[in-house]
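Student: Please give a close, connected account of one single part of this model. I should like each criterion stated with its cut-offs as it arises.

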Amino acid sequence: PPHHMGLWNKESYKGLAGYFGLQIKEFSYCPPPSFKGNVYYKANQLMGYKASFKNPLFYFALVYATLYCGLHQLTRGYNGTYIAAEFIKPLKPVYEK
């Protein structure tokens, strides 16, 4: 589903291409919107996508998400939040009789 597309990686798209008989023409990671955006996204994810500043637990989720995103960025780096992939369908060979 589209709301899960940003959670995929290149290997997922290779598998998807193979399943549908496609080839990946181009693949790229787009840069994340911002560190703060990633922190909010992770905190929202931890809250089951029901984030609310009225919920005191959300502030704990924000602290955890800040540490998680900061450590992740320092140790592994962010490839990006969004992925752009272009698929092509190969032409079927024409056989002569």
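Tutor: Helices and strands are taken here as DSSP runs, with H or I over at least four residues for a helix and E over at least two for a strand, numbered from the N terminus. The model is predicted, and local features are reported only at pLDDT of at least 70, side-chain atom pairs only at pLDDT 80 or more, while totals for chains, interfaces and linings use all residues. Residue numbers start from 1 along each chain as its sequence is written, and side-chain values rest on heavy atoms, with hydrogens and water left out.

The part chosen is helix α2, and its setting comes first. The protein has three helices and two strands, arranged along the sequence as α-β-α-α-β. Of its 97 residues, 20% are buried, a class that means under 20% relative accessible area, with exposed over 50% and partly exposed in between (1.4 Å probe, protein chains only). Contact means heavy atoms within 4.5 Å; among the contacts with a separation of 6 or more, 62% join residues 24 or more positions apart.

Helix α2 covers residues 35-46. The expected span of a helix is 1.5 Å times one less than its number of residues. For the twelve residues of α2 this gives 16 Å, and the end C-alpha atoms are 17 Å apart, so the two values agree. After the helix comes Gly 48, with a positive phi near 70°. Tyr 49 also has a positive phi, near 60°, although Tyr 49 is a residue other than glycine. Tyr 49 belongs to the loop between α2 and α3 and is partly exposed, with a relative accessible area of 47%.

Which residues of α2 are buried? They are Asn 38, Val 39, Lys 42, Ala 43 and Asn 44. An α-helix has 3.6 residues a turn, so residues three or four places apart point the same way. Asn 44, which lies in α2, has a relative accessibility of 14% and therefore counts as buried. Beyond its neighbours within four places in sequence, Asn 44 is in contact with Tyr 49, Lys 50, Ala 51 and Phe 58. The contacts of Asn 44 thus include Tyr 49, the loop residue with positive phi.

Val 39 and Ala 43 also enter the largest nonpolar core, whose eight residues are Val 39, Ala 43, Met 47, Phe 58, Ala 61, Leu 62, Ala 65 and Cys 69. Such a core is a set of buried Ala, Val, Leu, Ile, Met, Phe, Trp, Tyr and Cys residues joined through side-chain atoms within 4.5 Å. Helices α2 and α3 (56-75) each supply at least two residues of this core, and the largest share, five residues, comes from α3. Ala 61, a member of the core, is in contact with Ala 43, Leu 46 and Met 47 once its neighbours within four places in sequence are set aside.

On its accessible side, α2 carries Tyr 40, which is partly exposed, with a relative accessible area of 38%. Tyr 40 joins Phe 53 and Tyr 59 in a nonpolar surface patch of about 340 Å². Patches are made of residues with over 30% relative accessible area and no salt bridge, with like charges joined within 9 Å and nonpolar side chains (Val, Leu, Ile, Met, Phe, Trp, Tyr) within 5 Å. Accessible areas come from the Shrake-Rupley method with a 1.4 Å probe, and for residues only the protein chains shown count as cover. The whole protein exposes about 7,800 Å², of which carbon and sulfur atoms supply 62%.

For context, the charged pairs of the model should be added. A salt bridge requires a side-chain nitrogen of Lys or Arg within 4 Å of a carboxyl oxygen of Asp or Glu, and the whole structure holds two. One joins Lys 14 and Glu 11 at 3.6 Å, N to O; both residues lie in helix α1 (residues 10-20), three residues apart, about one turn of the helix. Glu 86 and Lys 25 form a salt bridge at 3.8 Å, N to O. This pair links distant parts of the chain, with Glu 86 in strand β2 and Lys 25 in strand β1 (residues 23-30), 61 residues apart.
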